[in-house]
Amino acid sequence: MLMIPIMFLPSALLLRTPTVVRPVFVSAFLQDQRTPGWCGAQNIHLSPSCHSGSKAASLHWTSERVVSVLLLGLLPAAYVNPCSAVDYSLAAALSLHSHWGLGQVVTDYVHGEALQKTAKAGLLALSALTFAGLCYFNYHDVGICKAVAMLWKL
C-alpha cells in the first residue's frame, strides 16, 4: 500500500468547496456556467472576461499577421524588382511592424499609467520619425532596396 504524506497533497484537495479551473481557450459563456453536480463550486478564471468580446483586439491581431505576411512577400520582391513602390511599401511595413512590436514591449515592461503613456508617446514619435526618415532616404537617395544590394556587394 502506498502512503502519501499530507504535506504533498495540493491545497485544492483540502478545500471544503470544490475548485474548478478552466483553461483560457474555454469561452466566456462556458466559464460562467456552474458545473453540474457541484454545489458551491468556485470558478477561477484564467483570463479576463472583460476583453472577451473585443473586436478591436481581434482586428489588431489580424492586422499584425497581415503586415508580417506582407513583409515576407516584400523581401523577395525587393530583391527581384527594386523599385520605388517596393521601397515605400517596405518603409511603411517595417515602420508599422516595429511600432507594434515595440508597443508590446512597452505594454509588458513599463509600469505605471503616466510612465506608460509617456513611453507610448515617445514610441509614436520614434515610429513617425523612422517612417519619415525612410521615406526621405527613398526620395533623396538610392532607396532601401538598392542600399541593401550595395551593402551586400561590400
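This report walks through the fold, the nonpolar core, helix H5 and a surface patch of a predicted model.

**Overall layout**

The protein chain has five helices and two strands. If you trace the sequence from start to end, the order reads β-α-β-α-α-α-α. Of the 154 residues in the protein chain, 19% are buried. Take the contacts between residues at least 6 apart in sequence, and 43% of them link residues at least 24 apart. As for the outside, the accessible surface of the protein chain is about 11,900 Å², and carbon and sulfur atoms account for 69% of that.

Here are the helices that come up below, with their residue ranges.

| Helix | Residues |
|---|---|
| H2 | 55-80 |
| H3 | 84-109 |
| H4 | 113-140 |
| H5 | 144-153 |

**The core**

Which residues make up the largest nonpolar core? There are 11 residues in all: Val67, Leu71, Leu74, Ala78, Val86, Leu90, Ala91, Ala93, Trp100, Ile144 and Cys145. At least two residues of this core come from each of H2, H3 and H5. H3 provides the largest share, with five residues.

**How H5 sits**

Now for H5, whose buried residues are Ile144, Cys145 and Ala147. These three lie on the same side of H5, because the arc they cover around the axis is only 165 degrees. What do they pack against? Their partners are H2, H3 and H4.

Ile144 deserves a second look, since this residue also belongs to the largest nonpolar core. Leaving aside residues up to four places away in sequence, Ile144 touches Asp87, Leu90, Ala91, Leu134, Phe137 and Asn138. Two of those, Leu90 and Ala91, are members of the largest nonpolar core as well.

**Out on the surface**

H2 and H5 turn up again on the outside. Tyr79, Val80, Val148 and Trp152 make a nonpolar surface patch of about 520 Å². Both H2 and H5 give two or more residues to this patch.

Is Tyr79, one of the patch residues, buried or exposed? Tyr79 is exposed, because its relative accessibility is 62% and the cut-off for exposed is over 50%. This tyrosine is found in H2.

**Pulling it together**

So H2 and H5 show up in both settings: each supplies at least two residues of the largest nonpolar core, and each gives two or more residues to the nonpolar patch. In H5, Ile144 and Cys145 are on the core list, while Val148 and Trp152 are on the patch list.

Definitions and conventions
Residues numbered from 1 in each chain as written. Predicted model: local features only at pLDDT ≥ 70, side-chain atom pairs only at ≥ 80, totals over all residues. Heavy atoms only, no water. Patch = residues over 30% accessible without salt bridge, like charges linked within 9 Å, V, L, I, M, F, W, Y side chains within 5 Å. Areas by Shrake-Rupley, 256 points an atom, 1.4 Å probe, with all protein chains shown as cover. Salt bridge = Lys/Arg side-chain N within 4 Å of Asp/Glu carboxyl O. Helix = DSSP H or I, 4+ residues; strand = E, 2+ residues; numbered from the N terminus. Buried < 20%, exposed > 50% of the residue type's maximum accessible area, 1.4 Å probe, protein only. Core = buried A, V, L, I, M, F, W, Y, C linked by side-chain atoms within 4.5 Å. Contact = heavy atoms within 4.5 Å. Arc of directions from axis to C-beta.
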